[in-house]
Each structure stands twice: as structure tokens, then as C-alpha cells.
Amino acid sequence: MTQTRFCGIVKSERERRKEVKPMSRKNHKMIDGRLLQTDKKYSQLKIKQKEKIAEWMFQATRDYYMKKCTFPSDKHLEEVVDSVYEKIEDAEIWIPYGEVFKHYKSKRSDINKRVRKSLNEKEESRIEKVCFMNMCMIQDDKGNVLVLDKVNDSYTGTTFPGGHVEANEIFQKSMIREVWEETGLTIEVPKLGGLYHWHKSGVHYVITLYKANKFTGELKSSEEGRVYWIPLEELKTRELATGMEYVLQILESEQVGECYMHLEADGYVGDLY
């Protein structure tokens, strides 16, 4: 930024422009070799110049709010306008400082509303509708796993016991409840083994995958389908429910912990992570 010395005092261009009287009788002044109109009004700026300044005012106000968690009060308006005026000077746009300050003050309410809207939209963009479900691979001490032949809805085939997480329900407790409802067994301390998820119709479906090898109770089937024990290797030869091949890879692996299903022309395909 250029500087000029007056009576031994070094003043910045911004400070000198603040001193320019908008209604000075001498309405032109030579500054840095440029003949400038000292009483120029904000309304005389070109449309593109106004658009640039409006964006700078928005950005400066947003930065102030993000830093201090409040909008600038009357006492702090100059702090925002100073940062805007620096950009105006850098862009070699001539307008008296007082005109910029007056315009910002008149538009501050609209600018604050725009900042609030932009921040709300950013927050909302991080929020999505989610449906939580669960599934558990229960193993005995003979190399068998407990499976369910799902037959009563669109999700059919051989799978593991599981279901939906209810509102305000702890994930682990939900898993224990679902296993008891579908098998009659009460599992103890199921361990989280991974995630299986996908998006469909604007909803993010997430299945938490568990493993358990301690349980009590008497095995019995439910309306969800028949439950029975089967060797793990034999399970892999059955007609599995959609995605079960990925679930098995996750629960049997020490390196893989997540599967995301993405839609392709022939249907959903899983990516393992």
C-alpha cells in the first residue's frame, strides 16, 4: 500500500482517503498521479465494481462472525470496512472511504442474513437421513454359525439374525434384542466387527455388524424365518441374501472393516475398505 508523509507523519492511502471530504468544494484531487473525484458517490460505481465489493463485504462479515461468533456491532464496523477497503484499493477502484462505510452500514442487516443463511446451508449439507440396522454372526465352539432363512419380505435368502435399531436405542442393546426376538438366544457382549452401508432414495442405510460366541437360552425360530446352526464353510455354498458375501468377508477379516454398496447398471456392487 502506498504511503505519503504529512508533517513528519506517515499516513496510509486508506487513512488519507478517510480524510477526504465527500462534499468538498474542490471535487477533484490528484492522488498518486490520478485525478480523483473526491465527492464520488457509491451509486456511481460500475455494476461489476458493486458486485465485487458486495462479495468482499459478505466475506469480511462472515470471517468476523466465524472468528468471534457474533456480528460486528456499531463500534466494530470499521474493522470490517477496513478489510474491505484494502481489497478495493488493491483492485484500484476509487471510492471515498466514507461512502463505503455508509453503504456497509445501510446493508449490514442484509449481509448478516446472507451470512446466517450460508452457515445454515453448510450445516444442513452435512445432515442426511439415516436408517440404522444390525446383524450378528453368532458362533459356537464347533465351527458352526447361526443363520436365518429370511423369506417374508423383499430381503430373502440365508443371512444372519438382525434388524432395525429403534429410536433412542443403544446399538449393542439393539443387537441383543434383535437376536433374542429372532432366535430365542440371549447373546453376551457382542463385539462390533464392521459396517455395511449404501444409499437409496435419499436415505443412507447403515448395518452395524457384530460377532458373538457367548449366549444362553433355547433356540427357536420366529416369523422372520427358520434359524439353525450350520458350518461356516457350508454357509458359503448356500443361496445367500443380498450382500452376505461382503458381510462374511468383513467379519472373517482382520484387515477389512467396511463395505459400501454402490449402484451400477447390473445392480449394487460392494467396495471393501
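Let's start with a small open sheet of three strands, in the order β7-β6-β13, whose pairing is antiparallel. Strands here are DSSP runs of E with at least two residues, helices are runs of H or I with at least four, and both are numbered from the N terminus. Two strands count as paired if DSSP finds at least two bridges between them. β7 (157-159) and β13 (225-231) stand at the edges with a single partner strand each, so one side of each has no neighbour in the sheet. From one strand to the next, the twist averages 35 degrees. Angles like this run from 0 to 180 degrees between N-to-C directions, and axes are lines fitted to C-alpha atoms, for helices over the stretch in contact.

Before we go on, a word about the model: it is predicted, so to speak of local features takes a pLDDT of at least 70 and side-chain atom pairs count only at pLDDT 80 or more, while totals for chains, interfaces and linings use all residues. Residues are numbered from 1 along each chain as its sequence is written, and side-chain values use heavy atoms, leaving out hydrogens and water.

Within the three-stranded sheet, strand β6 (residues 144-150) pairs with β13 in the antiparallel sense over seven bridges. If you would like a place to look, find valine 147, whose bridge partner in β13 is tyrosine 228.

Now turn to the other sheet. Six strands form this open sheet, in the order β8-β5-β11-β10-β14-β15, and the pairing is mixed. The edge strands, β8 (162-164) and β15 (267-272), each pair on one side only. The twist averages 20 degrees from one strand to the next.

We can walk through several of its pairings, beginning at β8. Strand β5 (residues 129-138) pairs with β8 in the antiparallel sense over three bridges, and methionine 135 has glycine 162 of β8 as its bridge partner. Further along, β10 and β11 run antiparallel and are joined by nine bridges. Here tyrosine 196 has isoleucine 207 of β11 as its bridge partner. These two strands form a hairpin with two residues between them, in which serine 201 takes a positive phi near 50 degrees.

On we go to β14. β10 and β14 run parallel, with four bridges joining them, and the bridge partner of histidine 197 in β14 is tyrosine 260. That tyrosine 260 also stands opposite aspartate 271 in β15. β14 and β15 run antiparallel and are joined by six bridges; one place to see this is cysteine 259, whose bridge partner in β15 is leucine 272. A hairpin through two residues joins β14 to β15.

Helices lie across this six-stranded sheet too. Helix α5 (residues 171-183) lies across β5, β8 and β11 (203-212), running at about 60 degrees to β5. Helix α7 (residues 244-252) lies across β5, β10 (191-200), β11, β14 (258-264) and β15, at about 150 degrees to β10.

Next, look at how two helices meet. Helix α2 (residues 47-68) and helix α3 (residues 77-90) pack at an angle of about 140 degrees, and their axes are 9 Å apart. α2 and α3 are therefore oblique to each other: angles under 35 degrees count as roughly parallel, over 145 as roughly antiparallel, 65 to 115 as roughly perpendicular, and the rest as oblique. In the contact (heavy atoms within 4.5 Å), α2 contributes Ile53, Trp56, Met57, Ala60, Thr61, Tyr64 and Lys68, while α3 contributes Glu79, Val80, Ser83, Val84, Lys87 and Ile88.

Finally, α2 takes part in a salt bridge, a term for a side-chain nitrogen of Lys or Arg within 4 Å of a carboxyl oxygen of Asp or Glu. By this rule the count comes to 13 salt bridges. One of them joins the side chains of glutamate 55 and arginine 114, at 2.9 Å from N to O. Glutamate 55 lies in helix α2 and arginine 114 in helix α4 (residues 97-125), so the pair ties together parts that are 59 residues apart in sequence.
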